[in-house]
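This report introduces a protein structure to a reader who has not met it before. Please keep the sequence and the model in view while reading.

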Amino acid sequence: MNLASLDLNLLVALRALLEERNVTRAGRRIGLSQPATSAALARLRHHFADDLLVRVGNGYELTPLGAALVVPCATACGLLERLFTSRAEFDPATEPREFTIIASDYAVAVFGAALARALHAAAPASRLIFQQVGPEIVENTDATLSAVDGLLTPHGVVSGFPTVELYRDEWTCVIADDHPDVGDRLTMDDLARLPWVVYQRPYDAPAARQLGMLGLEPHVEVSVQNFQLLPGLVVGTRRIALIQRRLAQLLAPTAAVRILPCPFEAVPVNEALWWHPVHTQDAAHIWLRETAARVAADLQTG
């Protein structure tokens, strides 16, 4: 495929049509009249040899190919937007810039809040957006990272991309402070017999995977997609949860819980900022990475 032969304006029209599933709304979104949007749809149908949108009753539905194009089209648009906003120089004090980082609620609470404060102080015209981690980060890492500025996650989730090492954390166990069956320490037998509340996405909690490798299958009573909910869900129960020590210490003052060491040698949390190579030479991105490294250094020594 020769890119020089393509009208890249059609990419913008394609994204609007696929996401709006309506010619009139798609045209309004990108500032085209309905006839012009219909003409763009006709050209797209000719290019793909597929209808993309088909009328069903009073509306439109995507064809199988149209549905398959939604995510890669959005990714391509995001990558082009970032490509053409790249600059050789960046003045954080005056220039606006939007930074988007994929992160778990743990990473936002422990590191993202400090990073946001640093941007507030040094880059008042910039905007920081945190997006929740989804399965696409392991299913299609390249495309996902190309459309954002970075990913906050420990080693062991993705690999093969540039990274800035940030800080180290460790896994701990939390139980209710009045737990009737546990004293000053936990045993492997406790982990096997007590009910659990767990974080649902195992790629964010390698210590949970490690339990399976040790032959222990926790009896799960509750599962959630938010690390910060874990302490509240053990309060007043016999449950146990695995949580990162830094987050547990942040939440413990507002939750009636005890933080206990894991009774096994849990894999450490080595948090890092990962990014796509397309951003490596962008001045604003370089500034973001350097700022993240400084914030992490303060976190490690604080």
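The report below moves from the overall form to the main pocket, then to selected residues and salt bridges.

## Overall form

The structure is a predicted model. The protein contains 12 helices and 12 strands. Its C-alpha trace extends about 75 × 50 × 30 Å along the principal axes. There are 302 residues, and 44% of them count as buried. When contacts between residues at least 6 apart in sequence are considered, 75% connect residues at least 24 apart. One pair shows a wide separation in space: Leu 229 and Gly 31 are 198 residues apart along the chain, and 43 Å lies between their C-alpha atoms. Leu 229 belongs to the loop between strand 9 (219–224) and helix 10 (230–234). With a relative accessible area of 44%, Leu 229 is partly exposed.

## The largest pocket

The volume of the largest pocket is about 690 Å³. Its lining is made up of 29 residues, and those nearest the centre are Gly 78, Arg 82, Thr 100, Ala 147 and Val 148. At least two lining residues come from each of helix 4 (64–84), strand 3 (98–103), strand 4 (127–132) and helix 7 (141–146). Helix 4 contributes the most, with seven residues. Sorted by class, the lining comprises 11 nonpolar, eight polar and 10 charged residues.

## Two buried residues

Ser 146 is part of helix 7. Ser 146 counts as buried because its relative accessibility is 4%, and the cut-off for a buried residue is under 20%. Apart from residues up to four places away in sequence, Ser 146 touches Thr 75, Leu 79, Arg 82, His 276 and His 279. One of these, Arg 82, is also among the residues nearest the centre of the largest pocket.

Arg 289 is located in helix 12 (residues 283–301). General chemistry gives a reason to look for a partner: side chains of opposite charge can pair when their charged atoms come close. Arg 289, however, is buried and has no salt bridge. The nearest side chain of opposite charge is that of Glu 290, at 7.0 Å. A salt bridge requires a distance within 4 Å, so Glu 290 does not qualify as a partner for Arg 289. Neighbours within four places in sequence aside, Arg 289 is in contact with Val 164, Leu 273, Trp 275, His 279 and Thr 280. His 279 is also one of the contacts of Ser 146.

## Positive phi in two loops

Two residues other than glycine are noted here for a positive phi. The phi of Arg 21 is near 55 degrees. Arg 21 sits in the loop between helix 1 (9–20) and helix 2 (23–30), and it is partly exposed at a relative accessible area of 40%. Ala 49 has a phi of about 55 degrees. Ala 49 is in the loop between helix 3 (34–48) and strand 1 (53–56). Its relative accessible area of 69% makes Ala 49 exposed, because the exposed class begins over 50%.

## Salt bridges

The model has a count of 12 salt bridges. Three of them are listed here.

| Salt bridge | Closest N to O distance |
|---|---|
| Arg 15 and Glu 19 | 3.1 Å |
| Glu 19 and Arg 29 | 2.6 Å |
| Arg 238 and Asp 181 | 2.6 Å |

Arg 15 and Glu 19 lie about one helical turn apart, because they are four residues from each other in helix 1. Both are partly exposed: Arg 15 has a relative accessible area of 23%, and Glu 19 has a relative accessibility of 36%.

Glu 19 also forms a salt bridge with Arg 29. This pair joins helix 1, which holds Glu 19, to helix 2, which holds Arg 29, and its members are 10 residues apart. Arg 29 is partly exposed at 39% relative accessibility. Beyond these pairs, a network of salt bridges links Arg 15, Glu 19, Glu 20, Arg 25 and Arg 29.

Arg 238 forms its salt bridge with Asp 181. Arg 238 is in the loop between helix 10 and strand 10 (240–244), and Asp 181 is in the loop between strand 7 (171–176) and helix 8 (188–193), so the pair ties together parts 57 residues apart in sequence. Arg 238 is partly exposed at 35% relative accessibility, and Asp 181 is partly exposed with a relative accessible area of 33%.

Terms used: Residues numbered from 1 in each chain as written. Predicted model: local features only at pLDDT ≥ 70, side-chain atom pairs only at ≥ 80, totals over all residues. Heavy atoms only, no water. Buried < 20%, exposed > 50% of the residue type's maximum accessible area, 1.4 Å probe, protein only. Lys, Arg positive; Asp, Glu negative; His and termini not counted. Contact = heavy atoms within 4.5 Å. 1 Å grid on protein atoms, 1.4 Å probe; cavity = no way out; pocket = protein on both sides within 12 Å on 5 of 7 lines; lining within 4 Å. Points joined across faces, edges and corners; volume = space filled by probe spheres on them. Nonpolar A, V, L, I, M, F, W, Y, C, P; charged D, E, K, R; others polar.
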